[in-house]
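Let's take a walk through a protein model together. Have the sequence and the 3D view ready, and turn the view as you read.

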Amino acid sequence: MNSVLADLLTNPAAIDTLRTGLPHAFEMAAVEASRVILNKRTGLAQSTTGQEVGVLRERVILGFLFSQLGEANVQLPAPGASMVDATVAGHPLEIKTVTERGLVTAKWTSDNESVDQVLEEFVFISDMLLVRIWWDSFQDSVFYIPFEVLNETAASFPDFLQSQRGTNNRGVKIRDAFMRKIEGHESTVRVPVFWQRSEEAIQSPIVRYINYWTELRF
């Protein structure tokens, strides 16, 4: 277990900061990842959230870790090293964010051959920091799951991965039953959060840049 991360997520002041800031930060990430598409059925434009929202949410969590632990304790991986999202106090860490009981992705894949390889070779190599988003609800939401818990549970749960076949399989997922088991493990650190939406208007990046260029015209 990473005692530095575990201590952070049991520190009352840090928990209060996390609970206060996380919902609004994730709102900002959703707005930043928003895009406008044309509904082919109705012919009307509609707003949707792009897949890049996952990366933006990870940056929210990394920002929290940097602000709380400092650059001496948090290092980002070298370019091209995509196995983990950060190293915290010497321990590799992978960050996952999903809405409610959405399935957690073990590894993104692009074709059926890659799926087969992941199903055969996948092993956990780091701690996991999981955030489950529960809008308009107060529930356990932030989970620090040590590598030992992941590894030991996987050994007793051999069929913990699942995937869809086809050209757009969207990655190999971790079964919900496995996630429930590790989220409820006695060594997992849990932080409840009240996911209340703010009433503050959040300006999208495109609007911000439109205003920027418009102001330069005068």
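Two residues are said to be in contact, or to touch, when heavy atoms of theirs lie within 4.5 Å. Keep that in mind as you look around, and remember too that this is a predicted model.

Let's begin with the whole chain. The protein chain holds seven helices and eleven strands. Its C-alpha atoms fit in a box of roughly 65 × 45 × 35 Å along the principal axes. Of the 218 residues in the chain, 39% are buried. How do parts that are far apart in the sequence come together? Among the contacts with a separation of 6 or more, 68% are between residues 24 or more positions apart.

Now look at the outside. The chain has an accessible surface of about 12700 Å², and carbon and sulfur atoms make up 52% of that surface. There are also charges to find: the side chains include 20 positive and 27 negative ones. The centres of these two sets are 8 Å apart.

With the overall picture in place, we can move in on helix 5, which covers residues 147–155. F147 belongs to this helix. Is F147 buried, partly exposed or exposed? Its relative accessibility is 27%, so F147 counts as partly exposed. Leaving out residues up to four places away in sequence, F147 touches F124, I125, S126 and D127. Take D127 from that group: 20 residues separate D127 and F147 along the chain, yet their C-alpha atoms are 4.3 Å apart.

V149 sits in helix 5 as well. Here the relative accessible area is 3%, and therefore V149 is buried. Which residues does V149 touch, beyond those up to four places away in sequence? They are I182, H185, S187 and T188. For a longer distance, try I174: its C-alpha atom is 15 Å from that of V149, with the two positions 25 residues apart along the chain.

Two of the partners of V149 deserve a visit of their own. S187 is in the loop that runs between helix 6 and strand 11. In sequence S187 and V149 are 38 residues apart, while in space their C-alpha atoms are 7.2 Å apart. Apart from its neighbours within four places in sequence, S187 is in contact with M1, Y144, P146 and V149. S187 has a relative accessible area of 28%, so it is partly exposed.

T188 is found in that loop too, between helix 6 (176–183) and strand 11 (189–194). T188 is buried because its relative accessibility is 5%, and the cut-off for buried is under 20%. Once residues up to four places away are set aside, T188 touches F143, Y144, I145, P146, V149, I182 and E183.

Next, let's look for empty space. Rolling a probe the size of a water molecule over the atoms shows where such space is left. The largest pocket has a volume of about 1300 Å³. It is lined by 39 residues, and E58, I95, K96, T105 and W108 are the closest to its centre. Which element gives the largest share of this lining? It is helix 3, with seven residues. Helix 3 (53–69), strand 5 (91–99), strand 6 (104–107), helix 4 (112–121) and strand 7 (127–133) each contribute at least two residues to the lining.

The search of the whole structure also finds one cavity of 30 Å³ or more. The largest cavity contains about 30 Å³ of space. Its lining is made by L9, L18, I61, F64, L129 and V142.

Finally, turn to the backbone. Most residues other than glycine have a negative phi. A89 is not a glycine, yet its phi is positive, at about 50 degrees. You can find A89 in the loop between strand 4 (86–88) and strand 5. With 28% relative accessibility, A89 counts as partly exposed.

D136 is another residue to look at here: it is not a glycine either, and it has a positive phi of about 60 degrees. D136 lies in the loop between strand 7 and strand 8 (138–145). Is D136 buried or exposed? Its relative accessible area is 60%, so D136 is exposed.

Note on methods. Residues are numbered from 1 along each chain as its sequence is written. This is a predicted model: local features need pLDDT of at least 70, side-chain atom pairs count only at pLDDT 80 or more; totals for chains, interfaces and linings use all residues. Side-chain values use heavy atoms; hydrogens and water are left out. Helices (H or I, at least four residues) and strands (E, at least two) are DSSP runs, numbered from the N terminus. Buried means under 20% relative accessible area, exposed over 50%, partly exposed in between (1.4 Å probe, protein chains only). Accessible areas come from the Shrake-Rupley method with a 1.4 Å probe; for residues, only the protein chains shown count as cover. Lys and Arg count as positive and Asp and Glu as negative; His and the chain ends are not counted. The place of a charge is taken as NZ of Lys, CZ of Arg, CG of Asp or CD of Glu. On a 1 Å grid over the protein atoms alone, a cavity is a set of points where a 1.4 Å probe fits but cannot get out, and a pocket is an open set with protein on both sides within 12 Å along at least five of seven lines; lining residues have an atom within 4 Å of a point. Grid points are joined across faces, edges and corners, and a volume is the space filled by probe spheres set on the points.
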